[in-house]
Amino acid sequence: MNLKEYPRKGYSIDQFTQPHCTELMGRSFHFVMDGGVDFYLKFTGKTTVEWNAEGEEPKTAVYECLKGDDTTYLLDYDLTETLGQLDKRVNHFFIIDLEQRLVTKAVCTMGYNPRFPFLVKSEYEFGAIETEGCELPLKRHCFTGEMLGTRVEWHWNTEMITQHSYYSPAFYRITWPKSSSAVEKIGDPFELLPASDEIAQYIKIKDKMYLFSLTEEIMERIVGDKCQFRSNNMNFLQNYDRMYHVGRTFGTVKRNDELVPCRTLFGAFGNPVKLDDDFLNADNPFTV
């Protein structure tokens, strides 16, 4: 068969996604968190994990796992007791860094805002991995400005390309070339907004590896149910040595006029890109 004719998914952000990683099965972790309450994970199966904060009884969840490099894992699971509540779900997200024995943990929550129940709030905490016979590391993953000024073109599948500008410690900006399938499948998703700027956070994991986190908050506040995607949080573990990222979404999406949970693993390959000065230098209309 001509590989060009090989059947592939069409418009999708998960065509280049790695397979779910099961390497942590059988392992247990004690995270010493800087917030003062330690956290524990015990991987009981290929997709099952027990978790608990210090002093609490363990609970079970179904997890997803991808690798940023040989020793760095992106892990998440939805809290089982919130799965049936569309606008009150909770997601736990981790970057487990075995090389440096460090961890980043995020709790992503819906339903905290009575006016915008589908908004996702992400609260980050840093810590270290307790290892028998070793002192705890002094260093931590940390919020960073090192990515500012970076521009990357991400290839999500054989047809879809997006272009990111990481220009602010609190925002990012997105566009795409005319050849991207996003033009045909989505059109201009910002036609109801004055700009594509959106809420973002940047965390340094190690040299040439960063966690980029965006939340579709502005779109949710202004556009609401006129948009297909409802305040999705997207976390990208970006490897600038190998020029790819792995990640997951957590939010809500409209399918056939019905709102359903959205939690999808994704991956993409990247390359540096030159973007128009008018795009790069445009004012952010959502800030004073």
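Analyst: A strand here is a DSSP run of E with at least two residues, numbered from the N terminus. The model is predicted. Leu75 sits in strand β5, residues 72–78.

User: Why is Leu75 called buried?

Analyst: Its relative accessible area is 0%. Buried means under 20%, so Leu75 qualifies.

User: Which residues does Leu75 contact, beyond four places in sequence?

Analyst: Leu41, Phe43, Tyr63, Glu64, Cys65, His92, Phe93, Phe94 and Ile96. Each has heavy atoms within 4.5 Å of Leu75. As for Lys105, 30 residues away along the chain, its C-alpha lies 9.5 Å from that of Leu75.

User: What makes the placing of Lys105 relative to Phe39 a charge over a ring?

Analyst: Lys105 is over the face of Phe39, at 4.8 Å from the ring centre. The distance limit is 6 Å, so 4.8 Å passes. Arg173 is placed over the face of Tyr167, at 4.3 Å from the ring centre. That value also falls within 6 Å.

User: How many disulfides does the structure hold?

Analyst: Zero.

User: Why is there no disulfide at Cys21?

Analyst: A disulfide is a covalent bond between the sulfur atoms of two cysteines. Here the limit is 2.5 Å between sulfurs. The closest cysteine sulfur to that of Cys21 belongs to Cys65, at 4.4 Å, so the gap is too far for a bond. Cys21 is buried as well: 8% relative accessible area, against a limit of 20%.

User: How do you know that Cys108 is unbonded?

Analyst: Its closest cysteine sulfur is in Cys262, 13 Å away. The limit is 2.5 Å, so this is too far for a bond. Cys108 has 0% relative accessibility, which puts Cys108 under 20% and makes this residue buried.

User: What makes the link between Thr104 and His141 a polar contact?

Analyst: Their side chains come to 2.8 Å. The cut-off is 3.5 Å between N or O atoms, so 2.8 Å is within range. Thr104 is in strand β7, residues 102–109. At 0% relative accessible area, Thr104 is buried. Its contacts beyond four places in sequence include Phe93, Phe94, Tyr124, Phe126, Ile203 and Leu211.

User: How do you know that Gln238 and Tyr240 make a polar contact?

Analyst: The side chains are joined at 2.7 Å. That lies within 3.5 Å, so the pair counts. Gln238 belongs to strand β15. Its relative accessibility is 0%, so Gln238 is buried under the 20% rule. Among the residues Gln238 touches are Met147, Trp154, Tyr166, Phe212 and His245.

User: How many aromatic pairs are there, and why is Phe29 with Phe31 called stacked?

Analyst: There are 21 aromatic pairs. The rings of Phe29 and Phe31 are 5.9 Å apart, centre to centre. The pairing limit is 6.5 Å, so they pair. Their planes differ by 25 degrees. Stacked means under 30 degrees, so the label fits. Both residues, Phe29 and Phe31, are buried.

User: What makes the pair of Trp156 and Phe236 edge-to-face?

Analyst: Their ring centres are 6.0 Å apart and their planes stand at 70 degrees. Over 60 degrees counts as edge-to-face, so 70 degrees settles the type. This pair links distant parts of the chain, 80 residues apart. Trp156 is in the loop between β10 (150–155) and β11 (161–166), Phe236 in strand β15, residues 229–239. Both Trp156 and Phe236 are buried.

User: Which residues form one aromatic cluster?

Analyst: Phe29, Phe31, Phe39, Phe43, Trp51, Tyr63, Tyr77 and Phe94.

User: Why is Asn256 called exposed?

Analyst: Its relative accessible area is 78%. Exposed means over 50%, so Asn256 passes. Asn256 is in the loop between β16 (244–255) and β17 (258–262). Its phi is positive, about 55 degrees, although Asn256 is not a glycine.

User: What about Asp257: buried or exposed?

Analyst: Exposed, at 76% relative accessibility. The threshold is over 50%. Asp257 also lies in the loop between β16 and β17. Its phi is positive too, near 65 degrees.

User: Where do the domains run, and how many residues does each give to the contact?

Analyst: Domain 1 covers 28–131 and domain 2 covers 143–281. The bounds come from an automatic or database domain assignment. Their C-alpha centres are 22 Å apart. The contact takes 33 residues from domain 1 and 33 residues from domain 2.

Notes. Residues are numbered from 1 along each chain as its sequence is written. Side-chain values use heavy atoms; hydrogens and water are left out. Buried means under 20% relative accessible area, exposed over 50%, partly exposed in between (1.4 Å probe, protein chains only). Helices (H or I, at least four residues) and strands (E, at least two) are DSSP runs, numbered from the N terminus. A polar contact is a pair of N or O atoms within 3.5 Å; within protein, one must be able to donate a hydrogen and the other to accept it, and residues adjacent in sequence count only if both atoms are side-chain atoms. A charge sits over a ring if NZ of Lys or CZ of Arg is within 6 Å of the ring centre and within 35 degrees of the ring normal.
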